[in-house]
Amino acid sequence: MPELKILNSKEIKEIMQLIESQWGAKIKMEYGFLKNAKNRVFIINKDISKIDTSMIRINSAGMYFCEIDKKGIRLGIEGTQIIGPKAEKNVVLLDEDEARKWLRGEDLEKECKECSGFVILKYNPNKNFPGGGNFSSDFLGCGKYTNAKILNYVGKPRRIQMVPS
């Protein structure tokens with residue numbers, strides 16, 4: 001059995017419906033979608049469908065996009081950067097201090113009356129972020145909103161150890 005399964009158009013449509021339901025984002029993605037045994041979804045160039053993968057074992061391909069489980073659909077950091085600009089709900093704006101905490105891997109204490117389930121975190125500074133660059137809007141990831149708290153799922157290797165104050 002292959003490690004990664006190429007999703008058909010019906011399965012891709014189901015993912016797009018989950019995205020629309022959770023974030024109100026109506027998008028059409030021109031990518032191939034792969035899913036592993038842990039229900040992690042990766043996106044890749046559509047030409048992957050031209051390759052006969054029945055005789056090879058693929059462990060990794062493309063870019064991590066999201067994970068789907070009984071809790072819902074949770075976007076990866078890159079997934080939030082693709083979906084975020086089109087999202088109409090369940091988007092939480094962070095101030096600089098909150099963004100720093102999030103980048104360090106901390107959960108956030110934050111009230112969001114209109115939010116439920118997984119939320120996209122957006123940092124929209126009015127000035128340059130220390131370290132260079134003027135980010136008009138950065139999508140920092142996806143967290144689970146529950147009881148006025150946003151749970152951080154960013155893996156340890158992707159966390160920033162020292163975020164300047």
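What span should the 15 residues of helix α1 cover, and how far apart are its end C-alpha atoms? The expected span is 21 Å at 1.5 Å a residue, and the end C-alpha atoms of α1 (residues 9-23) are 21 Å apart, which agrees. That expected span is 1.5 Å times one less than the number of residues in the helix. Helices (H or I, at least four residues) and strands (E, at least two) are DSSP runs, numbered from the N terminus.

This is a predicted model: local features need pLDDT of at least 70, side-chain atom pairs count only at pLDDT 80 or more, and totals for chains, interfaces and linings use all residues. Residues are numbered from 1 along each chain as its sequence is written, and side-chain values use heavy atoms, without hydrogens or water.

Stay with α1. Its buried residues are I12, I15, M16, I19, Q22 and W23. They fall within an arc of 130° seen down the axis, so they line one face of the helix. The arc is taken from the directions that run from the helix axis to the C-beta atoms. K10, K13 and S21 lie on the other side of α1 and are exposed. Here buried means under 20% relative accessible area, exposed over 50%, and partly exposed in between (1.4 Å probe, protein chains only). At the start of α1, a side-chain oxygen of N8 comes to within 3.1 Å of the backbone nitrogen of K10. After the helix comes G24, with a positive phi near 70°.

Now turn to strand β10 (residues 149-152). Its side chains alternate: I150 and N152 point to one face and are buried, while K149 and L151 point to the other and are not. Two strands pair if DSSP finds at least two bridges between them. β10 pairs with β9 (residues 138-146) in the antiparallel sense, over four bridges. In that pairing, I150 is the bridge partner of Y145. β9 and β10 form a hairpin with two residues between them, and N147 in the turn has a positive phi of about 50°. β10 also pairs with β7 (residues 108-109), again antiparallel, over two bridges. There, E109 stands opposite K149.

Last, the cysteines. A disulfide is a pair of cysteine sulfur atoms within 2.5 Å. One disulfide is counted by this rule. It joins C112 to C115, S to S 1.8 Å. The torsion about this S-S bond is about 50°, so the disulfide is right-handed. C112 and C115 are both buried. Why does C66 not bond to C142? The sulfur of C66 is 9.5 Å from that of C142, its closest cysteine sulfur, which is too far for a bond. C66 is buried, at 0% relative accessible area. C142 counts as buried too, at 5% relative accessibility.

How values were computed:
A polar contact is a pair of N or O atoms within 3.5 Å; within protein, one must be able to donate a hydrogen and the other to accept it, and residues adjacent in sequence count only if both atoms are side-chain atoms.
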